[in-house]
Number of protein chains: 2
Amino acid sequence: MNMKAFQDSYPDELSHCYGCGSNNEYGHRLKSYWDGDFTIAHFNPEPWHTAIPGYVYGGLIASLIDCHATGSAAAAAFRAEEREMDSDPPIRFVTASLKVDYLAPTPLGVELELCGELLEVGKRKVIVAVLVKAGGKICARGRVVAVIMPESMVSLE
Amino acid sequence: MNMKAFQDSYPDELSHCYGCGSNNEYGHRLKSYWDGDFTIAHFNPEPWHTAIPGYVYGGLIASLIDCHATGSAAAAAFRAEEREMDSDPPIRFVTASLKVDYLAPTPLGVELELCGELLEVGKRKVIVAVLVKAGGKICARGRVVAVIMPESMVSLE
(Lines give C-alpha, C1' and ligand atoms only; values in the text may rest on other atoms or scores of the structure.)
Protein backbone atom coordinates (compact mmCIF):
# COMPACT_ATOMS: atom_id res chain seq x y z
CA MET A 1 0.00 0.00 0.00
CA ASN A 2 1.30 3.44 -0.96
CA MET A 3 1.82 5.34 2.30
CA LYS A 4 0.93 8.82 1.03
CA ALA A 5 -2.79 9.50 1.10
CA PHE A 6 -4.46 10.72 -2.09
CA GLN A 7 -5.75 13.75 -0.21
CA ASP A 8 -2.26 14.73 0.91
CA SER A 9 -1.37 15.22 -2.75
CA TYR A 10 -4.16 17.70 -3.43
CA PRO A 11 -2.95 21.23 -4.11
CA ASP A 12 -3.10 23.44 -1.04
CA GLU A 13 -5.96 25.57 -2.36
CA LEU A 14 -8.04 22.41 -2.93
CA SER A 15 -7.42 20.99 0.55
CA HIS A 16 -10.26 22.74 2.39
CA CYS A 17 -12.89 20.03 1.96
CA TYR A 18 -14.85 19.34 5.13
CA GLY A 19 -14.73 15.63 4.37
CA CYS A 20 -11.09 15.17 3.49
CA GLY A 21 -9.15 18.43 3.36
CA SER A 22 -6.05 18.59 5.51
CA ASN A 23 -6.55 22.38 5.76
CA ASN A 24 -10.06 22.06 7.26
CA GLU A 25 -9.57 22.01 11.00
CA TYR A 26 -13.20 21.09 11.71
CA GLY A 27 -13.54 18.35 9.09
CA HIS A 28 -13.20 14.59 8.88
CA ARG A 29 -9.80 14.53 7.14
CA LEU A 30 -10.43 11.21 5.46
CA LYS A 31 -7.31 9.57 4.05
CA SER A 32 -7.53 7.22 1.07
CA TYR A 33 -4.85 4.91 -0.34
CA TRP A 34 -4.26 2.41 -3.10
CA ASP A 35 -4.65 -1.22 -2.13
CA GLY A 36 -3.64 -3.01 -5.31
CA ASP A 37 -6.22 -2.05 -7.92
CA PHE A 38 -8.69 -1.08 -5.19
CA THR A 39 -8.67 1.94 -2.90
CA ILE A 40 -9.04 1.87 0.86
CA ALA A 41 -9.74 4.26 3.73
CA HIS A 42 -10.43 3.88 7.42
CA PHE A 43 -12.42 6.17 9.67
CA ASN A 44 -13.44 6.23 13.31
CA PRO A 45 -16.73 8.10 13.76
CA GLU A 46 -17.00 10.38 16.77
CA PRO A 47 -19.57 9.60 19.49
CA TRP A 48 -21.79 12.42 18.22
CA HIS A 49 -21.90 11.05 14.66
CA THR A 50 -25.01 9.17 15.62
CA ALA A 51 -28.31 8.50 13.87
CA ILE A 52 -30.05 6.91 16.80
CA PRO A 53 -28.02 5.86 19.84
CA GLY A 54 -25.62 3.05 18.95
CA TYR A 55 -25.61 3.62 15.20
CA VAL A 56 -23.65 5.77 12.77
CA TYR A 57 -25.40 8.68 11.10
CA GLY A 58 -26.17 7.93 7.44
CA GLY A 59 -25.13 11.39 6.33
CA LEU A 60 -21.60 10.72 7.58
CA ILE A 61 -21.49 7.46 5.64
CA ALA A 62 -22.60 9.30 2.50
CA SER A 63 -19.93 11.95 3.12
CA LEU A 64 -17.15 9.41 3.54
CA ILE A 65 -18.22 7.55 0.39
CA ASP A 66 -18.25 10.85 -1.50
CA CYS A 67 -14.73 11.89 -0.49
CA HIS A 68 -13.25 8.42 -0.86
CA ALA A 69 -14.73 8.17 -4.34
CA THR A 70 -13.59 11.56 -5.61
CA GLY A 71 -10.14 10.88 -4.18
CA SER A 72 -10.10 7.47 -5.86
CA ALA A 73 -11.18 9.09 -9.12
CA ALA A 74 -8.27 11.52 -9.00
CA ALA A 75 -5.82 8.75 -8.10
CA ALA A 76 -7.07 6.62 -10.99
CA ALA A 77 -6.76 9.52 -13.42
CA PHE A 78 -3.13 10.08 -12.41
CA ARG A 79 -2.40 6.37 -12.60
CA ALA A 80 -3.90 6.27 -16.11
CA GLU A 81 -1.46 9.02 -17.09
CA GLU A 82 1.38 7.21 -15.29
CA ARG A 83 2.03 10.28 -13.17
CA GLU A 84 2.49 10.82 -9.45
CA MET A 85 -0.49 12.52 -7.76
CA ASP A 86 1.52 15.55 -6.70
CA SER A 87 2.84 16.22 -10.21
CA ASP A 88 1.55 19.06 -12.39
CA PRO A 89 -0.98 19.71 -13.73
CA PRO A 90 -3.24 18.72 -10.81
CA ILE A 91 -6.36 16.66 -11.53
CA ARG A 92 -9.31 17.01 -9.21
CA PHE A 93 -12.79 15.51 -9.45
CA VAL A 94 -16.15 16.64 -8.10
CA THR A 95 -19.26 14.59 -7.56
CA ALA A 96 -21.93 14.57 -10.25
CA SER A 97 -24.06 11.97 -8.49
CA LEU A 98 -23.93 9.91 -5.33
CA LYS A 99 -26.03 6.86 -4.55
CA VAL A 100 -25.92 5.11 -1.21
CA ASP A 101 -27.76 1.92 -0.29
CA TYR A 102 -27.88 1.41 3.46
CA LEU A 103 -27.79 -2.37 3.72
CA ALA A 104 -27.58 -2.79 7.49
CA PRO A 105 -27.47 -0.48 10.51
CA THR A 106 -23.85 0.65 11.04
CA PRO A 107 -22.72 0.20 14.64
CA LEU A 108 -21.02 3.17 16.29
CA GLY A 109 -17.76 2.51 18.14
CA VAL A 110 -15.92 0.37 15.60
CA GLU A 111 -13.61 1.51 12.82
CA LEU A 112 -15.20 1.82 9.40
CA GLU A 113 -13.41 0.56 6.31
CA LEU A 114 -14.18 1.91 2.86
CA CYS A 115 -13.14 -0.09 -0.17
CA GLY A 116 -13.33 1.56 -3.58
CA GLU A 117 -13.47 -0.11 -6.96
CA LEU A 118 -12.89 1.83 -10.18
CA LEU A 119 -15.73 0.80 -12.47
CA GLU A 120 -14.96 3.22 -15.28
CA VAL A 121 -12.00 5.56 -15.72
CA GLY A 122 -12.39 8.21 -18.40
CA LYS A 123 -10.58 11.47 -18.99
CA ARG A 124 -13.51 13.54 -17.71
CA LYS A 125 -15.66 11.00 -15.87
CA VAL A 126 -14.84 8.26 -13.40
CA ILE A 127 -17.33 5.88 -11.79
CA VAL A 128 -16.44 4.41 -8.41
CA ALA A 129 -18.19 1.76 -6.33
CA VAL A 130 -17.54 1.90 -2.59
CA LEU A 131 -18.31 -0.68 0.08
CA VAL A 132 -18.46 0.42 3.72
CA LYS A 133 -17.72 -2.21 6.34
CA ALA A 134 -17.97 -2.06 10.12
CA GLY A 135 -16.23 -4.87 11.98
CA GLY A 136 -15.91 -6.76 8.69
CA LYS A 137 -19.63 -6.58 7.88
CA ILE A 138 -20.83 -4.67 4.82
CA CYS A 139 -23.21 -1.96 6.00
CA ALA A 140 -23.50 0.34 2.99
CA ARG A 141 -22.80 0.37 -0.72
CA GLY A 142 -22.11 3.53 -2.66
CA ARG A 143 -21.83 4.47 -6.29
CA VAL A 144 -20.34 7.78 -7.30
CA VAL A 145 -20.12 9.43 -10.70
CA ALA A 146 -17.21 11.84 -10.46
CA VAL A 147 -16.45 14.43 -13.12
CA ILE A 148 -13.42 16.59 -13.68
CA MET A 149 -13.65 19.80 -11.66
CA PRO A 150 -14.90 22.73 -13.77
CA GLU A 151 -12.23 25.42 -14.08
CA SER A 152 -14.85 28.01 -13.14
CA MET A 153 -15.01 26.55 -9.62
CA VAL A 154 -11.38 27.22 -8.91
CA SER A 155 -11.29 30.72 -10.42
CA LEU A 156 -13.93 31.92 -7.95
CA GLU A 157 -11.39 32.09 -5.13
CA MET B 1 -47.16 26.45 7.51
CA ASN B 2 -47.31 24.41 10.73
CA MET B 3 -44.90 26.08 13.15
CA LYS B 4 -43.72 22.94 14.98
CA ALA B 5 -40.85 21.21 13.22
CA PHE B 6 -41.21 17.51 12.42
CA GLN B 7 -38.00 16.83 14.31
CA ASP B 8 -39.32 18.50 17.45
CA SER B 9 -42.01 15.82 17.60
CA TYR B 10 -39.56 12.92 17.61
CA PRO B 11 -39.44 11.00 20.87
CA ASP B 12 -36.61 12.11 23.10
CA GLU B 13 -34.62 8.88 22.67
CA LEU B 14 -34.77 9.31 18.88
CA SER B 15 -33.59 12.93 18.91
CA HIS B 16 -29.85 12.31 18.88
CA CYS B 17 -29.34 12.40 15.12
CA TYR B 18 -26.31 14.41 14.04
CA GLY B 19 -28.29 15.84 11.15
CA CYS B 20 -31.51 16.81 12.88
CA GLY B 21 -31.67 15.73 16.52
CA SER B 22 -32.39 18.49 19.01
CA ASN B 23 -30.45 16.48 21.62
CA ASN B 24 -27.24 16.43 19.53
CA GLU B 25 -25.27 19.47 20.61
CA TYR B 26 -22.70 19.10 17.81
CA GLY B 27 -25.14 18.44 14.98
CA HIS B 28 -26.95 20.40 12.27
CA ARG B 29 -30.37 20.43 13.98
CA LEU B 30 -32.25 20.67 10.71
CA LYS B 31 -35.92 21.66 11.09
CA SER B 32 -38.50 20.57 8.54
CA TYR B 33 -42.10 21.77 8.16
CA TRP B 34 -45.17 21.22 6.05
CA ASP B 35 -45.70 23.74 3.28
CA GLY B 36 -49.06 22.66 1.86
CA ASP B 37 -48.52 19.18 0.43
CA PHE B 38 -44.77 19.79 0.20
CA THR B 39 -42.20 19.93 3.00
CA ILE B 40 -39.66 22.66 3.52
CA ALA B 41 -36.48 23.29 5.50
CA HIS B 42 -33.86 26.01 5.58
CA PHE B 43 -30.23 25.74 6.56
CA ASN B 44 -27.27 28.07 6.74
CA PRO B 45 -24.02 26.16 6.21
CA GLU B 46 -21.10 27.11 8.42
CA PRO B 47 -17.95 28.59 6.83
CA TRP B 48 -16.13 25.28 7.33
CA HIS B 49 -18.79 23.26 5.45
CA THR B 50 -16.78 23.79 2.33
CA ALA B 51 -15.86 21.55 -0.60
CA ILE B 52 -13.47 23.94 -2.24
CA PRO B 53 -13.38 27.57 -1.14
CA GLY B 54 -16.67 29.31 -1.96
CA TYR B 55 -18.77 26.17 -2.34
CA VAL B 56 -20.79 23.95 -0.02
CA TYR B 57 -19.50 20.47 0.74
CA GLY B 58 -21.53 17.82 -1.09
CA GLY B 59 -21.60 15.54 1.94
CA LEU B 60 -23.49 18.21 3.87
CA ILE B 61 -26.02 18.51 1.07
CA ALA B 62 -26.50 14.73 1.10
CA SER B 63 -26.92 14.82 4.89
CA LEU B 64 -29.55 17.56 4.77
CA ILE B 65 -31.48 15.75 2.04
CA ASP B 66 -31.35 12.58 4.11
CA CYS B 67 -32.72 14.14 7.29
CA HIS B 68 -35.31 16.27 5.51
CA ALA B 69 -36.56 13.20 3.66
CA THR B 70 -36.82 10.87 6.65
CA GLY B 71 -38.57 13.64 8.58
CA SER B 72 -40.93 14.21 5.67
CA ALA B 73 -41.59 10.47 5.52
CA ALA B 74 -42.58 10.39 9.19
CA ALA B 75 -44.76 13.48 8.80
CA ALA B 76 -46.52 11.94 5.80
CA ALA B 77 -47.12 8.69 7.66
CA PHE B 78 -48.75 10.56 10.55
CA ARG B 79 -50.81 12.66 8.15
CA ALA B 80 -52.00 9.48 6.40
CA GLU B 81 -53.23 8.24 9.78
CA GLU B 82 -54.74 11.65 10.53
CA ARG B 83 -52.68 11.90 13.71
CA GLU B 84 -50.49 14.61 15.20
CA MET B 85 -46.76 13.82 15.01
CA ASP B 86 -46.31 13.77 18.76
CA SER B 87 -49.14 11.28 19.34
CA ASP B 88 -48.52 7.63 20.23
CA PRO B 89 -47.37 5.30 18.87
CA PRO B 90 -44.39 7.14 17.36
CA ILE B 91 -43.48 6.49 13.73
CA ARG B 92 -39.89 6.92 12.65
CA PHE B 93 -38.22 6.20 9.32
CA VAL B 94 -34.66 5.31 8.39
CA THR B 95 -32.97 5.61 5.02
CA ALA B 96 -32.81 2.56 2.78
CA SER B 97 -31.28 4.46 -0.12
CA LEU B 98 -30.20 7.98 -0.93
CA LYS B 99 -29.45 9.37 -4.37
CA VAL B 100 -28.14 12.87 -4.92
CA ASP B 101 -27.54 14.55 -8.27
CA TYR B 102 -25.34 17.61 -7.92
CA LEU B 103 -26.68 19.84 -10.67
CA ALA B 104 -24.66 22.98 -10.04
CA PRO B 105 -21.98 24.10 -7.59
CA THR B 106 -23.69 25.29 -4.39
CA PRO B 107 -22.41 28.68 -3.27
CA LEU B 108 -21.41 29.01 0.38
CA GLY B 109 -22.75 32.00 2.29
CA VAL B 110 -26.40 31.94 1.28
CA GLU B 111 -29.26 30.13 2.98
CA LEU B 112 -30.17 26.76 1.49
CA GLU B 113 -33.80 25.78 0.98
CA LEU B 114 -34.88 22.16 0.81
CA CYS B 115 -38.24 21.34 -0.72
CA GLY B 116 -39.60 17.81 -0.31
CA GLU B 117 -42.24 16.08 -2.39
CA LEU B 118 -43.88 12.85 -1.26
CA LEU B 119 -43.75 10.57 -4.27
CA GLU B 120 -45.09 7.45 -2.57
CA VAL B 121 -46.48 7.03 0.95
CA GLY B 122 -46.87 3.45 2.13
CA LYS B 123 -47.19 2.00 5.61
CA ARG B 124 -43.60 0.74 5.62
CA LYS B 125 -41.98 2.62 2.76
CA VAL B 126 -42.06 6.26 1.73
CA ILE B 127 -40.28 7.78 -1.27
CA VAL B 128 -39.35 11.45 -1.11
CA ALA B 129 -37.90 13.75 -3.76
CA VAL B 130 -35.96 16.76 -2.46
CA LEU B 131 -34.78 19.84 -4.31
CA VAL B 132 -32.01 21.95 -2.81
CA LYS B 133 -31.89 25.61 -3.76
CA ALA B 134 -29.32 28.29 -2.99
CA GLY B 135 -30.46 31.84 -3.65
CA GLY B 136 -33.45 30.49 -5.57
CA LYS B 137 -31.32 28.36 -7.93
CA ILE B 138 -31.66 24.57 -7.88
CA CYS B 139 -28.25 23.11 -7.05
CA ALA B 140 -29.03 19.51 -6.13
CA ARG B 141 -31.80 16.96 -6.47
CA GLY B 142 -32.25 14.08 -4.06
CA ARG B 143 -34.35 10.94 -3.96
CA VAL B 144 -34.70 9.00 -0.74
CA VAL B 145 -36.33 5.65 -0.08
CA ALA B 146 -37.24 5.68 3.61
CA VAL B 147 -38.41 2.58 5.45
CA ILE B 148 -39.99 2.19 8.84
CA MET B 149 -37.36 1.92 11.57
CA PRO B 150 -36.70 -1.70 12.56
CA GLU B 151 -37.69 -2.32 16.18
CA SER B 152 -34.32 -3.99 16.73
CA MET B 153 -32.59 -0.62 16.26
CA VAL B 154 -34.38 0.98 19.17
CA SER B 155 -34.04 -1.96 21.54
CA LEU B 156 -30.25 -1.74 21.36
CA GLU B 157 -30.19 1.30 23.65
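How many residues lie between β4(A) and β5(A) in the hairpin that they form? There are three residues between these two strands, and the hairpin offers a convenient way into this structure, which is a predicted model.

## From hairpins to a sheet

Strand β4 of chain A covers residues 112–121 and strand β5 of chain A covers residues 125–134, and the two pair in the antiparallel sense over nine bridges. One position where this pairing can be followed is Glu113(A), whose bridge partner in β5(A) is Lys133(A). The chain then turns again, for β5(A) and β6(A) form a hairpin with two residues between them, and Gly135(A), which sits in that turn, has a positive phi of about 60°. Strand β6 of chain A spans residues 137–148 and pairs with β5(A) over ten bridges, again in the antiparallel sense; within this pairing, Val126(A) stands opposite Ala146(A) of β6(A).

On chain B, another hairpin can be described, that of β1(B) and β2(B), where two residues separate the strands and Gly36(B) takes a positive phi near 70°. The strands β1(B) and β2(B) run antiparallel and are joined by four bridges, and Ser32(B) has Ala41(B) as its bridge partner in β2(B). Strand β2(B) also pairs with β4(B), in the antiparallel sense and over six bridges, with Glu113(B) of β4(B) as the bridge partner of His42(B).

The table gathers the strand pairs whose bridges are discussed in this report.

| Strand pair | Bridges | Sense |
|---|---|---|
| β4(A) and β5(A) | nine bridges | antiparallel |
| β5(A) and β6(A) | ten bridges | antiparallel |
| β3(A) and β6(A) | nine bridges | antiparallel |
| β3(A) and β3(B) | five bridges | antiparallel |
| β1(B) and β2(B) | four bridges | antiparallel |
| β2(B) and β4(B) | six bridges | antiparallel |

Taken together, twelve strands form an open sheet with antiparallel pairing, and their order is β1(A)-β2(A)-β4(A)-β5(A)-β6(A)-β3(A)-β3(B)-β6(B)-β5(B)-β4(B)-β2(B)-β1(B). At the edges stand β1 of chain A and β1 of chain B, each of which has a single partner strand, so one side of each is left without a neighbour in the sheet. From one strand to the next, the twist averages 25°.

## Where the two chains join

In the sheet, β3(A) has β6(A) on one side and β3(B) on the other. Val100(A) illustrates both pairings, since this residue stands opposite Gly142(A) in β6(A) and has Leu98(B) as its bridge partner in β3(B).

The helices pack on this sheet as well. Helix α1(A) touches β1, β2, β3, β4, β5 and β6 of chain A together with β3 of chain B, and its direction makes about 135° with that of β3(A). Helix α1 of chain B, residues 58–80, touches β3 of chain A together with β1, β2, β3, β4, β5 and β6 of chain B, and the direction of this helix makes about 135° with that of β3(B).

The contact between the chains takes 39 residues from chain A and 40 residues from chain B. The size of an interface is often given as the accessible area lost when the parts come together. Here chain A and chain B bury about 3200 Å² between them, with 66% of it on carbon and sulfur atoms. There are 14 residue pairs in polar contact between the two chains, whereas the count of salt bridges between them is zero. On the side of chain A that touches chain B, α1, β3 and α2 of chain A each supply at least two residues, and β3(A) gives the most, with eight residues. By class, that side of chain A has 21 nonpolar, 13 polar and five charged residues.

## Salt bridges and the loop between α1 and β3

Over all chains, the whole structure holds 14 salt bridges. One is formed by Lys4(A) with Asp86(A), where the closest N and O atoms are 3.0 Å apart. Lys4(A) lies in the segment before β1 of chain A and Asp86(A) in the loop between α1 and β3 of chain A, so the pair ties together parts that are 82 residues apart in sequence.

That loop of chain A also contains Glu82(A), a residue other than glycine whose phi is nevertheless positive, near 55°. Pro89(A) lies in this loop too, and the peptide bond from Asp88(A) to Pro89(A) is cis, with omega near -5°. In chain B, a cis peptide bond joins Asp88(B) and Pro89(B), with omega about -5°, and Pro89(B) is found in the loop between α1 and β3 of chain B.

Note on methods. Residues are numbered from 1 along each chain as its sequence is written. Chains are lettered from A and ligands numbered from 1 in the order in which they are written. This is a predicted model: local features need pLDDT of at least 70, side-chain atom pairs count only at pLDDT 80 or more; totals for chains, interfaces and linings use all residues. Side-chain values use heavy atoms; hydrogens and water are left out. Contact means heavy atoms within 4.5 Å. Buried area is the accessible area (1.4 Å probe) that two parts lose on being put together, summed over both. A salt bridge is a side-chain nitrogen of Lys or Arg within 4 Å of a carboxyl oxygen of Asp or Glu. A polar contact is a pair of N or O atoms within 3.5 Å; within protein, one must be able to donate a hydrogen and the other to accept it, and residues adjacent in sequence count only if both atoms are side-chain atoms. Ala, Val, Leu, Ile, Met, Phe, Trp, Tyr, Cys and Pro count as nonpolar, Asp, Glu, Lys and Arg as charged, and the others, Gly among them, as polar. Two strands pair if DSSP finds at least two bridges between them. Axes are lines fitted to C-alpha atoms, for helices over the stretch in contact, and angles run from 0 to 180 degrees between N-to-C directions.
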